[in-house]
Each structure stands twice: as C-alpha cells, then as structure tokens.
Amino acid sequence: MNVIRQFFLVVALLAGTAVAMASERVDIPLDADSAAMLYVFPAEGDSRVAVISCPGGGYAHHAMNHEGFDMAEWFTSQGITYAVLRYRLPGGDRTVPSEDGFKAIRLMRGMADKVGIMGFSAGGHLASTLATHYTDSLTRPDFQILFYPVVTMDASFTHRGSRNNLLGKNPSDETVVLYSNEKQVSADTPEAIVFHCADDKSVPVRNALDYCGALAACGVPVTMHIFPTGGHGWGFRDSYEYKPAWTSMLGEWLKHIR
C-alpha cells in the first residue's frame, strides 16, 4: 500500500471515523455527519507537497468535477498529492467553510512538508480566506492557487450570490471588510498564482487585480495571468481555449514549490 494512503488510513482510524478507500483515492469525513469530506488522491512515492482544492459554487453548491476531481490525475502525475475539499455550506454560519478548510490543512500537514490551497470562484474566496485568516503555522497554507476568485465582499465588485450566501443580505461594514480578503493581506500571506479572464461577467477581474496588488504591496511573491477571453467557470474543461497555456504556466510555477 502507498505510504501516503497508509498515513490517511491510520489518521482516520485514530480519529474513530470511517474511511473509504477507492482504488485511487481515500475519502475522509471531517465531521461526524460527513457533511464535510476530504477526498485525497495520493501521489506515488514519497510525495512531500500537497494541494487542497476548494471547488466553487457560490457558497450554494459545489462544482466537484471540473473544479475538483477532474484535476486529480494532472497533479498526481507531477508527484503532488491532491485533495478535494467538500466544505460545509454556510447556511447562516459564515465560519463553517473556513473551519473545514483549516481542518483539512492540518490533516494534510501530517504527511506533507508543503500544503497549498487552491480555489475556484467562491472556492477561491474560501482559499484566499484560508490564506489570510490562518491562526498558526499548522493552519497557514504554504502557497495559494486561485482561479477566477471571488476575493472581495465589497458590493461594488463582488459576486452578489456568494456574498449573500456567506454573509447574508445585510452584513455589517466590519464583517464586509473582514471577509474582503484583499484588505486582509500581510507580509506573511503565502505566495500566490492567480488566473482570471478580462471578460468575466460573473466575478469581475478587479477581484484578482486588487488581491494581487495587495500581495505585491506587502512584498509577497505573486504571479498573475489574465486571459483576454473565457468568461467564468471553465475549470479543467478541455473546451477552454487557454487550457494548454494555464496548465503549462501552473506546472512551471509548481516546480519552484517542489
């Protein structure tokens, strides 16, 4: 059995949780009701880098395939252990998605030297929240990968559905600022690579521009790629014309992480 698969099996057994082991992945419940799940695709050999993906869905559902499972083979073929997080949806409690995210990071840190967080759309908001709201070295991601992310909760350029589902329709000004992650960046925020499209009508590209600008202003290494077309929500779909470009760019960027 792959040593990484053995690790996750032992973790689950010690926690007293049921774990399912498919031929290529390990399924680990993160709460008693299995509402939050971590689906782990171990890389072969002694992989010391892991990436956790947070699929989008406006904090109303999860785009588990093209923003989650479909990328597993791409990552593991590069020697990176890959995990997909099915985080709990807010349902009136804005803290539960990030609670699940931090729990997943702590779990993955038990087998990897570097743990990165990746997110798409509203999952990008969760990922950037984890990158800016961590509380200690165990919950701090080592790097972040964002695709067309919702970053701000500023009503003038956020994704309205994500904001409403996370914060409610009438959040306080303080709450809006707290979850506008371009305003939560510090010199200790992990390095990032960000992909977005100039013609995204769902999540304005300003989300990426302001976040990357804040990272750069704090001296945090950041790489940004803005494609001229593509809109929103393309994920790992082959139909996206710039897929060969972004996969090559991300692959090269990950080399310095490894």
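Here is a short walk through the cores, a surface patch and the cysteines of this predicted model.

**Stop one: the cores.** Start by selecting Leu-38, Ile-52, Leu-85 and Met-108. Within the largest nonpolar core, which has 45 residues, these four touch the most other members. Now keep Leu-38 and bring up its surroundings. Skipping anything within four places in sequence, Leu-38 is in contact with Val-26, Asp-27, Ile-28 and Leu-30, then Ile-52, then Ala-83, Val-84 and Leu-85, and finally Ala-104, Leu-107 and Met-108. Next, pick Phe-41, Val-49, Ile-80 and Phe-227: they are among the 31 residues of a second, separate core. As background, nonpolar side chains in soluble globular proteins tend to be buried together.

**Stop two: the surface.** Switch to a surface view and colour Leu-209, Met-224 and Ile-226. Together they make a nonpolar patch with about 220 Å² of accessible area. To place Leu-209, show helix 7, residues 206–217, where it sits. Leu-209 counts as partly exposed because its relative accessibility is 39%.

**Stop three: the cysteines.** How many disulfides does the structure hold? Zero. Select Cys-54 to see one reason: its closest cysteine sulfur, in Cys-212, is 17 Å from its own, too far for a bond, given that a disulfide needs the sulfurs within 2.5 Å. Cys-54 is also buried, at 0% relative accessible area. Then jump to Cys-218, which is in no disulfide either; the nearest cysteine sulfur is again that of Cys-212, 13 Å away. Buried or partly exposed, this Cys-218? Partly exposed, since its relative accessibility is 31%.

Technical notes:
Residues are numbered from 1 along each chain as its sequence is written. This is a predicted model: local features need pLDDT of at least 70, side-chain atom pairs count only at pLDDT 80 or more; totals for chains, interfaces and linings use all residues. Side-chain values use heavy atoms; hydrogens and water are left out. A nonpolar core is a set of buried Ala, Val, Leu, Ile, Met, Phe, Trp, Tyr and Cys residues joined through side-chain atoms within 4.5 Å. Buried means under 20% relative accessible area, exposed over 50%, partly exposed in between (1.4 Å probe, protein chains only). Contact means heavy atoms within 4.5 Å. Patches are made of residues with over 30% relative accessible area and no salt bridge: like charges are joined within 9 Å, nonpolar side chains (Val, Leu, Ile, Met, Phe, Trp, Tyr) within 5 Å. Accessible areas come from the Shrake-Rupley method with a 1.4 Å probe; for residues, only the protein chains shown count as cover. A salt bridge is a side-chain nitrogen of Lys or Arg within 4 Å of a carboxyl oxygen of Asp or Glu. Helices (H or I, at least four residues) and strands (E, at least two) are DSSP runs, numbered from the N terminus.
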